[in-house]
Amino acid sequence: MAAIARMAGNPEDLETLDAYCATGSQRRAADLLHLHHSSVARRIEQLGKTLGIELTEPTGLTRARLALTAWRLLDD
């Protein structure tokens, strides 16, 4: 959650992570964000490094969803 809080300073990163967590797919997130899928793939890779989570793995995606949800709940 601390890494997500740091990411909140960059709305583009947070928006990308949110779209990816909501869709579970880089291509669908790219469609949602009106970006090319390779751009989203690159962002997801960087976000994974920042978070220390392999976002393309099911367990990593689940961890990111939970962390993002918990961060939002604590931020309210």
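I take a residue as buried when its relative accessible area is under 20%. The model I examined is predicted.

**Entry: burial and surface.** I looked up the share of buried residues and found that 37% of the 76 residues of the protein chain meet this criterion. I then noted an accessible surface of about 4,700 Å² for the chain, with 51% of that area belonging to carbon and sulfur atoms.

**Entry: secondary structure.** I counted five helices and zero strands in the protein chain. Read from the N terminus, the order of elements is α-α-α-α-α.

**Entry: overall dimensions.** I checked the radius of gyration, which is 11 Å; this agrees with the value near 11 Å for a compact globule, because the chain has 76 residues. Along the principal axes, I recorded that the C-alpha atoms fill a box of roughly 30 × 25 × 20 Å. For contacts between residues at least 6 apart in sequence, I noted that 54% join residues at least 24 apart.

**Entry: nonpolar core.** I located the largest nonpolar core, which holds 22 residues; Ile4, Leu17, Leu51, Leu55 and Leu68 have the most contacts inside it. Two or more residues of this core come from each of helices H1 (2-7), H2 (11-23), H3 (26-33), H4 (37-51) and H5 (58-75). I followed Ile4 further: leaving aside residues up to four places away in sequence, Ile4 touches Leu14, Leu17, Leu51, Ala64, Ala67, Leu68 and Trp71. As background, I recall that nonpolar side chains tend to be buried together in soluble globular proteins.

**Entry: charge.** I tallied 9 positive and 10 negative side chains in the protein chain. The centres of these two sets lie 4 Å apart.

Methods
Residues are numbered from 1 along each chain as its sequence is written. This is a predicted model: local features need pLDDT of at least 70, side-chain atom pairs count only at pLDDT 80 or more; totals for chains, interfaces and linings use all residues. Side-chain values use heavy atoms; hydrogens and water are left out. A nonpolar core is a set of buried Ala, Val, Leu, Ile, Met, Phe, Trp, Tyr and Cys residues joined through side-chain atoms within 4.5 Å. Buried means under 20% relative accessible area, exposed over 50%, partly exposed in between (1.4 Å probe, protein chains only). Helices (H or I, at least four residues) and strands (E, at least two) are DSSP runs, numbered from the N terminus. Contact means heavy atoms within 4.5 Å. The radius of gyration is taken over C-alpha atoms; the globule rule is 2.2 Å times the number of residues to the power 0.38. Accessible areas come from the Shrake-Rupley method with a 1.4 Å probe; for residues, only the protein chains shown count as cover. Lys and Arg count as positive and Asp and Glu as negative; His and the chain ends are not counted. The place of a charge is taken as NZ of Lys, CZ of Arg, CG of Asp or CD of Glu.
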